[in-house]
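Welcome! Open the structure in your viewer, keep the selection panel at hand, and follow the stops below.

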Amino acid sequence: MSLESLLPVSILLSSLLPGVFIFLVKEESHILRGVLNMAGALIKLLLVGVMIWGVYRGEVYETRLTLAPGLDLVLAADALSVLFVTLSTVLWLVTTIYAIGYLEHSPNRSRFFGFFSLCVSATVGIALAGNLLSFVIFYEILTLATYPLVAHRGTPDATRGAKIYLAYTMSGGVLLLVGAIWLQAITGPVDFTQGGYLGVLSEGLHGPLVAVFLLLLAGLGVKAAIVPLHGWLPQSMVAPAPVSALLHAVAVVKAGAFGILRVVYDVYGVGLADQLGLLTLLGILASTTIIYGSIRALSQDGLKKRLAYSTVSQVSYIALGASILGPIATIGGMVHLVHQGIMKITLFFCAGNYAETLGVHNVSQMDGVGRRMPLTTLAFSVGALGMIGIPPIAGFVTKWYLGLGAVEADAHWVLLVLAASSLLNAAYFLPILYRAWFRPEPDSWPKESLPQGRFETMGALLWPPLITAALCLIAGLFAAAPFSPLEWAELIARREYL
Amino acid sequence: MVDSLALAVSVPLVGGLLATAIPKRAQALGLLASLVAVIAVAWVLVGVWQEGSLRSELGGWAAPLGIALVADGLSAALLAMAALVALGVGVYATGYFRRGDAAAHFWPLWLLLWAALNGLLLAADLFNIYVTLELLGLTAAALGALTGSVEAVSANLRYLLVGLLGSMTYLLGVALLYTAHGTLDLGLLAAVIQPGPVAASALVLMTAGLALKAALFPLHFWLPPAHANAPAPVSAALSALVVKAAFYLILRLWLDVFAPVVTPWAASLMGLLGAMAIIWGSWRALRSERLKLLAAYSTVAQIGYLCLFIPLLQALPPGSERDDLFVALVLMALTHGLAKAGLFLAAGLVQRDAGHDRIDDLGGTAQNMPATTFTIALAGTALIGLPPSGSFIGKWILMTSAIESGQWWWILVILVGTLLAAAYVFRVLSRAFNLEPTPRRFVTQARTEVPALLLALASVAVLGLAADSLWRLLGMGEGA
Amino acid sequence: MAQLLYGGAGVVLFALGLWAFLVYTPLLRKLIALNIMGSGVFHLLIAIAERGELPPDPVPHALVLTGIVVAVSATALALAMGRRLEEDEGGR
Amino acid sequence: MKSAGGLVIGAFVLLLAIWLLWVVQTAIDIGAGPRLAEQAFAGLPATGVSNPVTAVLLSYRGYDTLLELAVLLAALLGIWSLGAASPGFQAAGAVLQGMVTLVVPLLILAGGYLLWVGGHAPGGAFQAGALLGAAGVVMRLAGDERAGLPPLAAQRWLVVAGVAVFVLVGIATMGLGAGFLAYPIGWSKWLILAIETAATVAIGTTLAAAYVGGRPWSHADVSGQS
Amino acid sequence: MTAGLLLLFDLVLVTTLVGLAIAALISPDLRRAVMLFIAFGLWLALVWARLRAPDVALAEAAIGAGLGGALMLAAARRAARRASANGGIDAEGGEA
């Protein structure tokens, strides 16, 4: 096996193997577990760096394992997968630090970190999947590996949330499975191809292809939390904060959105998808979700619930970008994969800090938190403003490209959706910022636990949101620099529309 | 000439004799015999891998006068699964039976059961199959009743009687065939068999008899109490191997010997029964209050999945597509076998630790045994058919074939079955998530927990990721 | 002709045994029924072995001999299990 | 017996019987040939025995018989695993006792005779073993708790003897370069006799022990750990 | 012996056989049912002797009817004893 064929599988194993060993680690061995976690995360980062450089130069990385005749497990790196892999790898590192701090004294850490690593492995597998079969495999493994994390606390609420999560994702999973099998029955085994591989089929097959798309969309839409399949996401907020942060801002919902991108661009191809009227359908669903999620977010008092509905809304920007014909909107959608991830993870980290340090869980309790925890609140503000789309934060870049793309494609109604959504974003985020910075502190916090360090809270909890907030700013300010998410999205769009 | 096929039968047999004669050393002798038997099976496997199929005429008399043993890819694959499960069960039993007395009763019967199983998988003679079936049925019922509780004895007495009814029905079919064709050899019979009332009646009689033993819906009623009340290592063997063995014979008859006799209608009927088994078995598993009962009902459902293949296989002409589907069927059977063995072994540990196996009250126990909970989770993954288990690949090919042949309605059944399976598996797993107690270490008793975990792991990782080698093993055997 | 007459008797015995097996619940009756079912099959085999002028076919004879031993083994085991149940019930 | 259900079952079984009668007739018509008879007789000289049934049982289809002995053993093991035997009957009266002293040796003698003639005339291991077993039954009925059997440890060796000798002969012939159970020419008759002798002892012991109905002289608990 | 006479003989043999089977199956008294079963077995052996299967006839008489019957008879006797102890309510023996 050559180096090129080993790289994708090594990236997968760099989190899988530590995960397996972590299960076996004794509960008291903090250091060993920490070393395993961090070593895995750093090695993965290193390998991903090598891969970015290689893919940029046009190298082909592919690991292929034949499971059965016609059924190949393919891990391959193209530009789109690198985008998602890099996102998950960087955020995994950050979240691991956060989680070590967050779970310092809580029981069952081996179980938690074991499944946490499995989740990241599954996410990386989804990103690197080179055909629909491989995608489905990792997609289902992700479902399995996240269930224990949602159920981790074992309270009746957690069990219920996990059950709802499972009911949605398993049902979605079987629909995706049927769609994938049906498609393979039509085409035979084909890998993902830039520009799609279904365009060559005869028109007689267009009926089945539409049906297959609906099945795939239903399966992917569950994880991407597209209305009306979003019901599990707010319920899963019972999970510990690092889980909400990484999984429900990055891994799980992005897996769905990423899958939609794959199906539209690399299976159907935008041309065929447009011709079959599927893009319009996707656009309508995405727009509905964007508006609906924002409206529901307005009325949530629970901070994590509000963020969850915000996620419902924001993830659909990615699908929206895919639904508009033309490279510029494509760039907008793809770059939002990254931007939404870093912004939303910042917000979730901060929400976790408020809860851990002050016992603040609801928006109504947030009066004056900015004075008590200025750095955390600063990071929160960056994330929130970015979500609204204030320049120069990353979220602005997304909305700008989506808007431009809509104009280019003569889809002016999209501008309306964008405007309405931004207003709603402002309506549910600005009051929080106002409370945090300008309302007076209360006499006492709900459940304050004093930090032991020099800062407003534990270092392991404080640094991650600051880092990701900085990333939000950098991604916005240096959007035109080489290897920025935007540049990379342009590279993908160029290759897709070649 | 050393005959690996005869050794695969006689080694466990000799082990059983020694364990009978010297009860004080039963465990040591049993383990030793298990190891040698595994080597013998491995030998068969290598032979089939190289030659495609093995045949040996016992007693120096060629069929039809003598009895032949035949190993093709299908029997070799099942032999290998049986050996793996048997090894796991054997090691597990050394930790499970704490009293020497119980072990002294377990080992002789268990080794005889294994010998019967190997004999059945290698048999190429209709009457010889009857004898192995009886040996299998008697040892299985005796082992199932080993706990001596009223529930266990009465459930297994019923199992024994039902099994006898099945054997008699099967034997009548054999008698009809001998009357009409004057041979008992499967290969010779396949060559002369013609569609007609005799062949059809014989097939119906034999299938009905075997279906009773394979717990094929609606003849499954005896299985759940019998399997749920047996000692855990025995439940594992019964569910993973004994039931599958009867199904293996159905498969042999329908696909090999009686292929020209089977009509699309008959095949569809089998599929329909399978569909009903899936829905009914999964539903009852979901409603079960006890873990072992859940596992037993899930066996009923899994046999249903295997039946779904029959109408699709019948519809396909010989060729690579049919071969793929056939291997997928075997893959599914192997996965279920290993997974179900792991599940029952794990359930036995939970039951022993908690003193009961009521699912609703398993909270602390399951949590305290991470390795065992993992075993249940892995086995559950395979039972649901989630990747990367072998049954995922099996299901993928099954559904592909259902779409391609236009029999799409089976897909609905599979989907409902998958969701129900997920529901019953996670109903158990959700008990394992609490913050307290924190388990001290991953494995608490290696001798029992590790075999269970490895069996479940094999069903998920090995069969899923190395499924391709099964194609090579069977592809040669089938002469595709 | 003899083959048909005796073979037919075998089938009738099988059917009678099957009927009794399905209809009765007591263990001993079920066992008698099973044994008569078995005897029916054995009888069919013995009947078709008879060949008039020629010496009879020994193969079915051997099969039946085997079958008889198997049947009595199963009967013995079933009776022992039944007795175990009786003792348990009696002990309550 | 519920009348409605019984009636349905009765009707079903009646239809089954009629259908099977027709099928049997068809089958006899199809297969009215020699079946395996001629081949069985043709092979007889090579087996070393002249009773064709014995030839089928121990030579042509010896493997079946081997497994059948294993079935018998399995049944006894199952019976033993269920617990201890119940106490025997009260000691018999003098008349019965007198009969026992007459009948038992007669049965054993007849058994030995049947075993010996099995090679060339009706008889053989099963019939002989059955007579030995019957001797045990008679002794048990006459009040001997052990049914004339030796202690358990010896019983264990006796009941496995039949299968053991059979399978060891099989392995030995395999080791000699012939197939499993393929008796070398000339040895055939003696090997068959050896196997039959062991089988007779095993069958007799097993049947008598099965009649006793449980492990004698051991009252330990058999329940597993569940 | 003419063919017709032989056929008559066969008919008598078969009819008696089936009659014994029916009697054994439906006899209300369990012990008598077992007795009838033994008689059936012995008659079966006779029929098989007529069909020139002396080996099998011997085995059926000794093993099937003889030992099988002895085992069943013991069980039937226990059932009868139990029934008399229970006041004759449960005359049918153990439930399967």
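Two residues are in contact if their C-beta atoms, placed from the backbone, lie within 7 Å. Keep that cut-off in mind as you go, and remember that this is a predicted model.

**Stop 1: chain C meets chain E**

Select helix H2 of chain C, residues 27-49, together with helix H1 of chain E, residues 3-26. Their axes come within 9 Å and cross at roughly 160°. Angles over 145 degrees count as roughly antiparallel, so H2(C) is roughly antiparallel to H1(E). The crossing of this pair, H2(C) and H1(E), is left-handed.

Now show the side chains. Which residues of H2(C) meet H1(E)? They are C:Ile32, C:Ala33 and C:Ile36, and across from them on H1(E) are E:Ala21, E:Ala24 and E:Leu25. Sorted by class, the contact of H2(C) with H1(E) has 6 nonpolar residues, with no polar and no charged ones.

**Stop 2: chain C meets chain B**

Keep H2(C) on screen and add chain B. Here 21 residues of chain B are in contact with 24 residues of chain C. On the chain B side, the elements giving two or more residues are H5 and helix H6 (150-181). H6(B) supplies the largest share, 15 residues. The residues on this side of chain B divide into 17 nonpolar, 3 polar and 1 charged.

Zoom in on H6(B) and H2(C), whose axes come within 10 Å and cross at roughly 10°. With angles under 35 degrees counting as roughly parallel, H6(B) is therefore roughly parallel to H2(C). Among the residues to highlight on H6(B) are B:Leu161, B:Leu164, B:Met168 and B:Thr179. On H2(C), the residues they and their neighbours in this contact meet include C:Lys30, C:Gly38, C:Val41 and C:Ile48. By class, the contact of H6(B) with H2(C) has 13 nonpolar, 2 polar and 1 charged residues.

**Stop 3: chain B coloured by confidence**

Colour chain B by pLDDT. Its mean is 92, and 98% of its residues reach 70 or more. Which element of chain B has the highest mean pLDDT? Helix H5 of chain B, residues 126-144, does, with 96, while helix H19 of chain B, residues 467-478, has the lowest, 75. Then select residues 476-480 of chain B, where the pLDDT is below 50. Beyond near neighbours in sequence, this stretch has 15 contacts in the model.

**Stop 4: chain A meets chain B**

Next, pick helix H6 of chain A, residues 156-187, and helix H16 of chain B, residues 390-404. The axes come within 9 Å and cross at roughly 60°, which makes H6(A) oblique to H16(B). The crossing of H6(A) and H16(B) is right-handed. From H6(A), the contact uses A:Val178, A:Ile181, A:Trp182, A:Gln184 and A:Ala185; from H16(B), it uses B:Trp396, B:Met399, B:Thr400, B:Ile403 and B:Glu404. By class, this contact of H6(A) with H16(B) has 7 nonpolar, 2 polar and 1 charged residues.

**Stop 5: chain A as a whole**

Show chain A alone. You will find 19 helices and 2 strands, and its C-alpha atoms fill a box of roughly 70 × 55 × 45 Å along the principal axes. With 498 residues, a compact globule would have a radius of gyration near 23 Å; chain A has 21 Å, which agrees.

**Last stop: all the chains**

Bring every chain back. Of the 7 pairs of chains that touch, B and D have the most contacts. Chains A and C do not touch, and their nearest C-alpha atoms are 42 Å apart. No contact joins chains A and D either; their closest C-alpha atoms lie 28 Å apart.

Methods. Residues are numbered from 1 along each chain as its sequence is written. Chains are lettered from A and ligands numbered from 1 in the order in which they are written. This is a predicted model: local features need pLDDT of at least 70, side-chain atom pairs count only at pLDDT 80 or more; totals for chains, interfaces and linings use all residues. Axes are lines fitted to C-alpha atoms, for helices over the stretch in contact, and angles run from 0 to 180 degrees between N-to-C directions. Helices (H or I, at least four residues) and strands (E, at least two) are DSSP runs, numbered from the N terminus. Angles under 35 degrees count as roughly parallel, over 145 as roughly antiparallel, 65 to 115 as roughly perpendicular and the rest as oblique. A crossing is left-handed if the near helix is turned anticlockwise from the far one by less than a right angle, and right-handed if clockwise. Ala, Val, Leu, Ile, Met, Phe, Trp, Tyr, Cys and Pro count as nonpolar, Asp, Glu, Lys and Arg as charged, and the others, Gly among them, as polar. pLDDT is the predictor's confidence in each residue, from 0 to 100. The radius of gyration is taken over C-alpha atoms; the globule rule is 2.2 Å times the number of residues to the power 0.38.
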